[in-house]
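Let's practise asking how we know what we say about a protein model. Take a look at the structure first, and then we will go through some labels together.

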Amino acid sequence: MSDTVNFQELPCGEDGYVVAIATLDNSTSLNALTHNMIVLLKQQLEKWHQDERVVCVVLDGAGEKAFCAGGDVRAMHTMMKTEPADVAKAYCEQFFRVEYECDYLIHSYCKPIIGWGDGIVMGGGMGLFMGTSHKVVTPASRLAMPEISIGLFPDVGATYFLNQLEDRLGLFLGLTGVMFNATDAMDIHMADHLVVPDAKEKFINQLQETDWNCVEDSYEFISECLDKLAAKDKSNLPAPQLKPRLNEICAACNATDIGTVFTNIMALPGNEKWLAAAKHNLTGGSPITAHICFRQINDYSHLSLADCFRLELILGVRSATLGEFEEGVRSRLVDKDGAPHWKYPNINSVDKAVIDELFTSLWREQEHPLFQLGRV
């Protein structure tokens, strides 16, 4: 069955402890998160959160290609195209709300969650992955926040986790949507462990064979297990892309306006494929998204995680009704013509009032759908 999440509880010895596994299963769409999948995952994680038998949770994706390639934005596009505006708006609000609640639950979980980020980890998949206590990548991992290409914005907590990166590197990742590899993820601290491709089965077997009555610190113990499975042969690992250029990238993004940042990124020297792709994404991406991303990094680095999700829900619902997101999904994922008709031809032509409105709340503080997030 596709469009689901498969759950397992694997016994550990004879003491009743179990290792819980949640496997995203929408393999025909690179495990993209549907609303049904998010609801199922959130409900089960809440149960395991309270279950004293569960020593840890492993979160992975079905198949060999992806952990999770993002949210099911095609479904949102269908709603925006076929349903009355108020119905589409309500659907998008519900989708984003449940997704962000699930992401926050993972960030604040009371026991270890291991995110097995093998293959593609993008968008909504990054929202799940970045919340886990142990972020695992393999040589096949490819990570990105590519929302600029579909006219959305870096969400699922990206206002928080991109702001944790070194000296505005998060701005570069958000503006360019560039895909980076496992070595990069380790270098910039968006992954904790880089393991060999066949490590997962060995890891889960070790968890099952452990006498958990003797484990004093489960977080530290799991880190030690993963360290033993680390990829030792560096020749089989992807070469670093970001780290050798980190100073240049951070300098390019260290400006007080988005227009200057755009110019600086486009002027970065070098002809590496990944850098060319980054520039292509920026020039072809939504100018509105670029402005949103710049404000997320420039003006909201001080927000708590819960407040970041509250801000992103405002941005998400407003973006869904603006039309830019709908056009981006049409062009990139539905018609696949690769020629979106953005509302503005370039970054410098964007009306500041439009961006101001996107950041203006749709609700009074206590009426915000995520008002209780982080408060209970």
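Q: Why does Arg-295 count as buried?
A: This is a predicted model, and in it Arg-295 has 18% relative accessibility. Buried means under 20%, so Arg-295 counts as buried.

Q: What makes the contact between Asp-356 and Arg-295 a salt bridge?
A: The closest N and O atoms of Asp-356 and Arg-295 are 2.7 Å apart. A salt bridge needs a side-chain nitrogen of Lys or Arg within 4 Å of a carboxyl oxygen of Asp or Glu, so this pair is a salt bridge. Asp-356 sits in helix 16 and Arg-295 in helix 13, 61 residues apart.

Q: Why is Asp-356 called partly exposed?
A: Asp-356 has 29% relative accessibility. Partly exposed lies between under 20% and over 50%, so Asp-356 counts as partly exposed.

Q: Why does Glu-365 count as exposed?
A: Its relative accessibility is 57%. Exposed means over 50%, so Glu-365 counts as exposed.

Q: What makes Arg-375 and Glu-365 a salt bridge?
A: Their closest N and O atoms are 3.8 Å apart. The limit is within 4 Å, so the pair counts. Both residues lie in the segment after helix 16, so the salt bridge ties together parts 10 residues apart in sequence.

Q: Why are strand 1 and strand 10 said to stand at the edges of the sheet?
A: The open sheet has 6 strands in the order 1-2-3-5-7-10. Strand 1 and strand 10 each have a single partner strand, so one side of each is left without a neighbour in the sheet.

Terms used. Residues numbered from 1 in each chain as written. Predicted model: local features only at pLDDT ≥ 70, side-chain atom pairs only at ≥ 80, totals over all residues. Heavy atoms only, no water. Pairing = 2+ DSSP bridges. Helix = DSSP H or I, 4+ residues; strand = E, 2+ residues; numbered from the N terminus. Buried < 20%, exposed > 50% of the residue type's maximum accessible area, 1.4 Å probe, protein only.
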